[in-house]
Amino acid sequence: MIELLRHPRVLKKLQEEVRGITSQNDLLTSEDVSNLTYLKAAATESFRLHPPTPLLIPRESMDYCNIEGYDIPKGSRVFVNTYAIGRDPEVWDNPLEYRPERFVNNPFNYNSYTCEIVPFGGGRRICPGMQLSLLTMELALANLLWRFDWELPKGMKPEDVDMTEMPSLSLKRKAELELVAKPRQITS
Ligand code: HEM
């Protein structure tokens, strides 16, 4: 939500996609949102820049190995820095920019082994809640945009939003998230 409010162009485009759905229901269903490509792209772009578990869950190496000249002794505790991976300028063009268009004609496969971003880990121990989380997040976001118009509080400008993050096992914003929600009249 905060990246959308910081990027009114993206918010408008996403709102148009969501509100283009014809639904008779008060709330959108998972079927309603299943083909929203820009919504999926915006969610992926958020996971790239703000992975909820920035260092995943620590691993221990079972054997000695050498990765690109670095010796990793057997029994080493290994952290995978998905936060840094998602911001690597050798992989991402203009990495700090929030731009869902990166993933529009290039939907991201979280199960792939290419590991450009790994917010849910990878391999045999990949998060088993991944599909549930993606669906829940997309559904919640779509409904927030379907039912409400959103603004920053007290005349705040997008560039004034404090994006400081708190270092911990799970990534959190330092400042409370304050937004103004205005219910939207839905006429069907
Ligand atoms: C946005 C939401 C979530 C994120 C970002 C997330 C992320 C992760 C990550 C990074 C791992 C470690 C994977 C690895 O070591 O390679 C993990 C493991 C795990 N997650 Fe999630 N998770 C989320 C939601 C969920 C949900 C909703 C469930 C359950 C319904 C769940 C259940 C688990 C379990 C059981 C593991 C341990 C898997 C294992 O070690 O075999 N997660 N998750």
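This tour visits a metal site, a pair of packed helices and a serine in a loop, in a model that is predicted.

Begin by selecting the iron atom of the ligand together with C127, whose SG atom is the single donor that the protein gives to this iron, at a distance of 2.3 Å. If you then colour the backbone around C127, you will find this residue in the loop between helix 5 (82–85) and helix 6.

Next, select helix 6 (residues 130–147) along with helix 4 (residues 37–49), and turn the view until both axes can be followed; they come within 10 Å and cross at roughly 115°. The crossing of helix 4 and helix 6 is right-handed. To see what fills this meeting place, show the side chains of L39, K40, A43, S46 and F47 on the helix 4 side, and those of L134, M137, E138, L141 and A142 on the helix 6 side. By character, the residues of this contact divide into seven nonpolar, one polar and two charged.

Finally, move to S76, which is found in the loop between strand 3 (70–72) and strand 4 (77–78). Is S76 buried or exposed? Its relative accessibility is 16%, and because the limit for burial is under 20%, S76 counts as buried. With the side chain of S76 displayed, look for the backbone oxygen of P73, which this side chain reaches at 2.6 Å. Then add R59, E60 and S61 to the selection, since S76 touches these residues when those up to four places away in sequence are not counted.

Terms used:
Residues are numbered from 1 along each chain as its sequence is written. This is a predicted model: local features need pLDDT of at least 70, side-chain atom pairs count only at pLDDT 80 or more; totals for chains, interfaces and linings use all residues. Side-chain values use heavy atoms; hydrogens and water are left out. Helices (H or I, at least four residues) and strands (E, at least two) are DSSP runs, numbered from the N terminus. Buried means under 20% relative accessible area, exposed over 50%, partly exposed in between (1.4 Å probe, protein chains only). A polar contact is a pair of N or O atoms within 3.5 Å; within protein, one must be able to donate a hydrogen and the other to accept it, and residues adjacent in sequence count only if both atoms are side-chain atoms. Contact means heavy atoms within 4.5 Å. Axes are lines fitted to C-alpha atoms, for helices over the stretch in contact, and angles run from 0 to 180 degrees between N-to-C directions. A crossing is left-handed if the near helix is turned anticlockwise from the far one by less than a right angle, and right-handed if clockwise. Ala, Val, Leu, Ile, Met, Phe, Trp, Tyr, Cys and Pro count as nonpolar, Asp, Glu, Lys and Arg as charged, and the others, Gly among them, as polar. Donors are N, O and S atoms within 2.8 Å of the metal (3.2 Å for Na, K and Ca); water is not among the atoms, so sites may look incomplete.
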